[in-house]
Amino acid sequence: MATAVPLTSLSHGAGCGCKLPAADLLPIVQGLPAPTDERLLVGSATGDDAAVFRLSAELALVQTIDFFTPVVDDPYDFGRIAAANALSDVYAMGGRPLTALNVVAFTLERLGGDVLREILRGGLDVVAQAGASVVGGHSIDDPEPKYGLAVTGAVHPDRVLANAGARAGDALVLTKPLGVGAVTTAWKRGVTTDATLLATAVATMTALNAGASECAQSAGAHAMTDVTGFGLLGHAHHVARESGLAAEIEAAAVPALDGVEELLADEAAVAGGSRRNAAWAESFTFFAPEVPPWRRRLVCDATTSGGLLVALPPERAREVPGAVVGRLVAGPAGTIRVR
């Protein structure tokens, strides 16, 4: 659906790239009081994808919220991408989504009700695809549109897959290619007009992580997260740090969307969020000299609705769809070597 005003023209950022910088946010939230309820299995202290709260010996709730500014101009696709991104947090914990609440910031005066209806329809379709239900929501008037979901899921308390728990020697498997941040940034800035490349990025972002999550659980995964706004290095850093390990990433093994190498040959398609990721990664990452500049940019790409990053025994890595991009090793917690 074409809109009179391109959605991305109203956005100062795009998708998960509009997150507050991790380097700035973490010192702020770390000073807040931590909950002490023993039923809280996973809270905010570890920077995980969702909270997990035990209701009984066999049932725990998985709760998350995720919303952002438009990453594409098509309102239906924007709704689908935002919904898939929010649902991904539940899959990253090993859970299954049950219900979702719409989170809407929107200007009816400038964009009109038809555009909002398409955004909501896109979200609804993806939530239904996940086997969950949209049960309500909340909206505010805002000149900069934003959309997402608050999602509640379920998981067995003994089967939670947090970002902690990885073991030395575990392989790291990434289940989706990187580069959607570069594609959408290039499209917004007029660096590319390749509609096929944009369609590929949209298809990647709207693909649910449900199947990959199930495979990871069946393969005996020790830890898991999804790769979104902080890029591959940022989310690998969280897994390594919370597991008390270091990580090694094989740059050449990291999958990229076709056409992204050309986009990342220089800084023209590098989003502001990706630049902030790269600056943050300097504090915990060492790049081997032979890693080409475009791959350095790729592993910091601010991703929206990316794949799962799974830590599991190396002999079972091929049971998870995706690419083996590295491993976890003994070393200073949270440090990464990219070679």
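## Lys-146 and the salt bridges

Lys-146 is buried in this predicted model, its relative accessible area being 18%. The side chain of Lys-146 meets that of Asp-142 in a salt bridge, with 2.7 Å from N to O. Asp-142 is buried too, at a relative accessible area of 15%. Both values fall under the 20% limit, so Lys-146 and Asp-142 are each classed as buried. Lys-146 also belongs to strand 6, which covers residues 146–155.

The structure holds 14 salt bridges. Side chains of opposite charge can pair when their charged atoms come close. Another of these pairs joins Asp-37 to Arg-39, again with an N to O distance of 2.7 Å. Here Asp-37 is partly exposed at 31% relative accessibility, and Arg-39 is partly exposed with a relative accessible area of 39%.

## A pair within helix 4 and a network

Glu-118 and Arg-121 form a salt bridge whose closest N and O atoms are 2.8 Å apart. Where do these two residues sit relative to each other in helix 4? They are three residues apart in that helix, which spans residues 113–129, so about one helical turn separates them. The two ends of the bridge fall into separate accessibility classes: Glu-118 counts as buried at 16% relative accessibility, whereas Arg-121 counts as partly exposed at 37%.

Salt bridges also link four residues into a network: Glu-248, Glu-250, Arg-327 and Arg-339. Of these, Glu-248 lies within strand 9, which runs over residues 246–249.

## Strand 4 and its partners

Strand 4, residues 96–106, is joined to strand 6, residues 146–155, by nine bridges, and the two run antiparallel. Within strand 6, Leu-149 is the residue that stands opposite Asn-102.

Strand 4 is also joined to strand 5, residues 133–141, in this case by eight bridges and with the strands running parallel. Phe-106 stands opposite Asp-141 of strand 5. Strand 4 thus has an antiparallel pairing with strand 6 and a parallel pairing with strand 5.

## The seven-stranded sheet

What is the order of the strands in the open sheet of seven? The order is 8-11-7-12-9-13-10, and the pairing is mixed. At the edges are strand 8, residues 223–226, and strand 10, residues 285–287, each of which pairs on one side only. With direction ignored, neighbouring strands of this sheet are turned by 20 degrees against each other on average.

Edge strand 8 is joined by four bridges to strand 11, residues 308–312, and these two strands run antiparallel. In this pairing, Asp-226 stands opposite Leu-308 of strand 11.

## Loop residues

Ser-305 lies in the loop between helix 11, residues 293–298, and strand 11. Its phi is near 50 degrees, a positive value in a residue other than glycine. Ser-305 is buried or exposed? At 2% relative accessibility, Ser-305 counts as buried.

Asp-258 is found in another loop, the one between strand 9, residues 246–249, and helix 9, residues 260–263. Asp-258 counts as exposed, at 70% relative accessibility. Between Asp-258 and Thr-204 the separation is 54 residues in sequence, while their C-alpha atoms are 12 Å apart in space.

## Nonpolar surface patch

Leu-20, Leu-25, Ile-28, Val-29 and Leu-32 form a nonpolar patch on the surface. Together they have about 470 Å² of accessible area. Leu-20 is placed in the segment before helix 1, which covers residues 22–29. A relative accessible area of 57% puts Leu-20 in the exposed class, because that class begins over 50%. Other members of the patch, including Leu-25 and Ile-28, fall within the residue range of helix 1.

## Cysteines

How many disulfides does the structure hold? It holds zero disulfides. Cys-215 is partly exposed, with a relative accessible area of 28%. Cys-300, by contrast, is buried, with a relative accessible area of 4%.

How values were computed. Residues are numbered from 1 along each chain as its sequence is written. This is a predicted model: local features need pLDDT of at least 70, side-chain atom pairs count only at pLDDT 80 or more; totals for chains, interfaces and linings use all residues. Side-chain values use heavy atoms; hydrogens and water are left out. Buried means under 20% relative accessible area, exposed over 50%, partly exposed in between (1.4 Å probe, protein chains only). Patches are made of residues with over 30% relative accessible area and no salt bridge: like charges are joined within 9 Å, nonpolar side chains (Val, Leu, Ile, Met, Phe, Trp, Tyr) within 5 Å. Accessible areas come from the Shrake-Rupley method with a 1.4 Å probe; for residues, only the protein chains shown count as cover. Two strands pair if DSSP finds at least two bridges between them. Axes are lines fitted to C-alpha atoms, for helices over the stretch in contact, and angles run from 0 to 180 degrees between N-to-C directions. A disulfide is a pair of cysteine sulfur atoms within 2.5 Å.
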